[in-house]
Amino acid sequence: MQIQTHSSGNRAGKESLRYKIACLMILFFSMVWCGLILGVPFLSGGSLFMQRGAALIRLFFSPICHQLPDRSFHLAGKALPVCARCAGIYGGFLAGVFILAMTDRLKRVWIPGRWFMVSGLTMTGLEVLLSHLGLFSSTLMTRCLTGALLGSVVSVYVLAAVYQTINYGRNEEVKKWKELRVNSIRH
Amino acid sequence: MEGTPSKLNPALIGGAMMGVLSSVPLIREGNCLCCLWILAGGVVAAYLYWREFPSGMSFSLSEGATVGLIAGLYGGLFATLLGLFIEIMGLDPTRALFQSMMEFQKNFSTGLEDLFKSFENSSVMEPFYVLGTLIFNVLRSMIFGTLGGVIGGAMIGKRQKKGNLPTAT
């Protein structure tokens, strides 16, 4: 487990603010994404304009999800535009970003090791494999939960990547790169 | 980013992989599994970029995300161009399937006459269609390519290639 810290100071304060703004932007985008998914069943029952909007949203998600109705949650009698697993992934990502963005972790950001990503991928992969082999009967809820686990795991890494990008200049590795470059120019 | 290896080649290779797999008929349906091919392209781009790092340097998540984002840009462009080429050359089996369905619906009422009429009249070279496809492909590939790059960076972790950091002599 790696924990990066930075000391107080004007520059550190600006970078903390930038990181917070970036987290909020990602949170907003995730909320819009999930809102579109949840809004389709309600739009489908509205006016002609709203129905066309629902059809467009469904078309938008069609290249990234199989949209099989028997594998999707239903709201207001209509299927969501994504399957239960995808809904879980997006919902888990939103929940992860929300929790990390709202807690005050600006001075200490958790950048997990490889094991964390592997565990998230393994749970989902196992669930898919076992259900295909007939050793486990998946339900909408199991697909959603494993998807939510994967989505929340990915959210941790995404925010860590944002933090590393914003704090790039203070990174020890970057200082090594700069030293390499200066040395290669001198010789 | 100053001093780091060039991201061009890894991004081009990852983007080409995304574009080809997302355009070839039947194979492109893999993207229905949460954009599998685009995520895979991002992971491949991150891995190839890591391979260009000198020994002793570790690979960060932001490096993976950046190269995945650039790979997504190239992937979206490749997917659009290749997809249009496949449709113009008539190599898309789904179009042949639709044509046989149109023949079928002429004999029987299926309730899908409007849909088939719009498909019959559509032209793949309409500017609106091309522009919409391009924007959608690029946006989708950049978002999921970045995620693929982050996943690739996470899988690489703090693994470093063997050897010491090169220093000037």
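Read along its sequence, chain B follows the pattern α-α-α-α-α-α, with 6 helices and 0 strands. That is a handy place to start a walk through this structure, which is a predicted model. Of the 169 residues in chain B, 40% count as buried. The accessible surface of this chain comes to about 8700 Å², and carbon and sulfur atoms account for 69% of that area. Among the chain B contacts with a separation of 6 or more, 78% join residues that are 24 or more positions apart.

Now turn to chain A, where strands join the helices. Its secondary structure comes to 6 helices and 4 strands, and from the N terminus on the elements run β-α-α-β-β-α-β-α-α-α. Chain A has 187 residues, and buried residues make up 42% of them. Its accessible surface is about 10300 Å², of which 69% belongs to carbon and sulfur atoms. For contacts in chain A with a separation of 6 or more, residues 24 or more positions apart account for 74%.

How confident is the predictor in chain A? The mean pLDDT of chain A is 81, and 79% of its residues reach 70 or more. Within the chain, confidence is highest in α3(A), at 90, and lowest in strand β1 (residues 2–5), at a mean of 45. Over residues 1–8 of chain A the pLDDT is below 50, and this stretch has 25 contacts in the model beyond near neighbours in sequence. Keep those values in mind when you look at the start of the chain.

Next, look inside. In soluble globular proteins, nonpolar side chains tend to be buried together. Here the largest nonpolar core has 62 residues, and those with the most contacts inside it are Val82(A), Tyr90(A), Tyr157(A), Leu61(B) and Phe144(B). The element that gives the most to this core is α5(A), with 12 residues. Leu61(B) is a good residue to zoom in on. Which residues does Leu61(B) contact, leaving aside its neighbours within four places in sequence? From chain A the list holds Ile111(A), Tyr157(A), Ala160(A), Ala161(A) and Gln164(A), and from chain B it holds Val150(B), Gly153(B) and Ala154(B).

Charged pairs come next. How many salt bridges does the structure hold over all chains? There are 2. One is formed by Glu127(A) with Arg85(A), whose closest N and O atoms are 2.4 Å apart. Glu127(A) lies in helix α4 of chain A and Arg85(A) in helix α3 (residues 84–102), so this pair ties together parts that are 42 residues apart in sequence. Both Glu127(A) and Arg85(A) are buried. In chain B, Arg28(B) forms a salt bridge with Glu29(B), and here the closest N and O atoms are 3.6 Å apart. Arg28(B) is partly exposed because its relative accessible area is 23%, and Glu29(B) is partly exposed too, with 38%.

From there, move to the surface of chain A. Leu126(A), Leu129(A), Leu130(A), Leu133(A), Leu135(A) and Phe136(A) form a nonpolar patch there, with about 560 Å² of accessible area together. Phe136(A) sits in the loop between α4 (114–132) and α5 (140–166) of chain A. Is Phe136(A) buried or partly exposed? Its relative accessibility is 35%, so Phe136(A) counts as partly exposed. Leaving aside neighbours within four places in sequence, Phe136(A) is in contact with Glu127(A), Leu130(A), Ser131(A) and Thr142(A). Glu127(A) is therefore both a contact of Phe136(A) and the salt-bridge partner of Arg85(A), a pair that links helices α4 and α3 of chain A. For a sense of distance, the C-alpha atoms of Phe136(A) and Ala84(A), 52 residues apart along the chain, are separated by 17 Å.

Finally, two spots in the backbone deserve a look. Most residues other than glycine have a negative phi. Ala76(A), however, has a positive phi, near 50 degrees, and lies in the loop between β2 (74–75) and β3 (78–79) of chain A. Cys34(B) also has a positive phi, of about 55 degrees, although it is not a glycine. Its place is the loop between α1 (8–21) and α2 (36–51) of chain B. As for their surroundings, Ala76(A) is exposed, with a relative accessible area of 57%, whereas Cys34(B) is buried, with 12%.

Key. Residues are numbered from 1 along each chain as its sequence is written. Chains are lettered from A and ligands numbered from 1 in the order in which they are written. This is a predicted model: local features need pLDDT of at least 70, side-chain atom pairs count only at pLDDT 80 or more; totals for chains, interfaces and linings use all residues. Side-chain values use heavy atoms; hydrogens and water are left out. Patches are made of residues with over 30% relative accessible area and no salt bridge: like charges are joined within 9 Å, nonpolar side chains (Val, Leu, Ile, Met, Phe, Trp, Tyr) within 5 Å. Accessible areas come from the Shrake-Rupley method with a 1.4 Å probe; for residues, only the protein chains shown count as cover. A salt bridge is a side-chain nitrogen of Lys or Arg within 4 Å of a carboxyl oxygen of Asp or Glu. Helices (H or I, at least four residues) and strands (E, at least two) are DSSP runs, numbered from the N terminus. Buried means under 20% relative accessible area, exposed over 50%, partly exposed in between (1.4 Å probe, protein chains only). A nonpolar core is a set of buried Ala, Val, Leu, Ile, Met, Phe, Trp, Tyr and Cys residues joined through side-chain atoms within 4.5 Å. Contact means heavy atoms within 4.5 Å. pLDDT is the predictor's confidence in each residue, from 0 to 100.
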